[in-house]
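Got the model open in your viewer? Let's take a short walk through it, one selection at a time.

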Amino acid sequence: MEITNTVLNQMNSNSLYQTLGIHIEAAADGKSRSRLQPKPAVCWPFAQQHHGGILFTLIDTTMAWAVWSLLDDGYNCTTINIDIHYLKPAKSEVFLCTAWCTHKTGRSSFVRADIHNSEGELLTMGQGTFRIIPVDLLT
């Protein structure tokens, strides 16, 4: 599926992304890239340290875009499982996430992702499995 700038702009304007500070920068050919500039409201339990659940959401979202970029029209994906490893505290003004599909079967796609802070340090690694489903199952 071709993901145009129009689609990216439309999806980036949704309320979840806006609330958390997520911005999808690119998605094509089984790869995606996103940026997170978290809002102060998602710092917990300490100021300037963002909750790990925010990074989990960033990885999940970015992985889904990588999968979505490979799908034919009429299909979507849903998360089955994500395994995540937090290597360092989430202290940064900006987080950069990259995701890439490593393997695809008939109805499943396997994805890996990394999150780096603004200094380029690796903070979080994840791998996930996504089920490929017809869009009409979502209605």
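The stops are the core, an aromatic pair and a pocket. Keep in mind that this is a predicted model.

Start with the largest nonpolar core, which counts 33 residues. Select Ile 59, Met 63, Trp 65, Phe 95 and Val 111: these touch the most other members. Now colour the elements that each supply at least two residues of this core: α2 (15–20), β1 (22–28), α3 (52–68), β5 (75–86), β6 (95–104), β7 (108–117) and β8 (122–134). Helix α3 gives the most, with nine residues.

Next, centre on Ile 59 and show its surroundings. Leaving out residues up to four places away in sequence, Ile 59 touches Ile 82, Ile 84, Cys 97, Ala 113, Ile 115, Thr 124, Met 125 and Gly 126.

Stay on α3 and pick Trp 65 and Trp 68. Are they buried or exposed? Both are buried. The structure holds one aromatic pair. The ring centres of Trp 65 and Trp 68 lie 4.9 Å apart with the planes at 75°, so this pair is edge-to-face. Along helix α3 the two are three residues apart, which puts about one helical turn between them.

Last stop: the largest pocket, with a volume of about 240 Å³. Select Met 11, Tyr 17, Thr 61, Ala 64 and Trp 65, the closest to its centre of the 14 lining residues. Which elements each supply at least two residues of the lining? They are α2, α3 and β5, and α3 has the largest share with five residues. Colour the lining by type and you get eight nonpolar, five polar and one charged.

Note on methods
Residues are numbered from 1 along each chain as its sequence is written. This is a predicted model: local features need pLDDT of at least 70, side-chain atom pairs count only at pLDDT 80 or more; totals for chains, interfaces and linings use all residues. Side-chain values use heavy atoms; hydrogens and water are left out. A nonpolar core is a set of buried Ala, Val, Leu, Ile, Met, Phe, Trp, Tyr and Cys residues joined through side-chain atoms within 4.5 Å. Buried means under 20% relative accessible area, exposed over 50%, partly exposed in between (1.4 Å probe, protein chains only). Helices (H or I, at least four residues) and strands (E, at least two) are DSSP runs, numbered from the N terminus. Contact means heavy atoms within 4.5 Å. Rings of Phe, Tyr and Trp (its six-membered ring) pair if their centres lie within 6.5 Å; planes under 30 degrees apart count as stacked, over 60 as edge-to-face and the rest as tilted. On a 1 Å grid over the protein atoms alone, a cavity is a set of points where a 1.4 Å probe fits but cannot get out, and a pocket is an open set with protein on both sides within 12 Å along at least five of seven lines; lining residues have an atom within 4 Å of a point. Grid points are joined across faces, edges and corners, and a volume is the space filled by probe spheres set on the points. Ala, Val, Leu, Ile, Met, Phe, Trp, Tyr, Cys and Pro count as nonpolar, Asp, Glu, Lys and Arg as charged, and the others, Gly among them, as polar.
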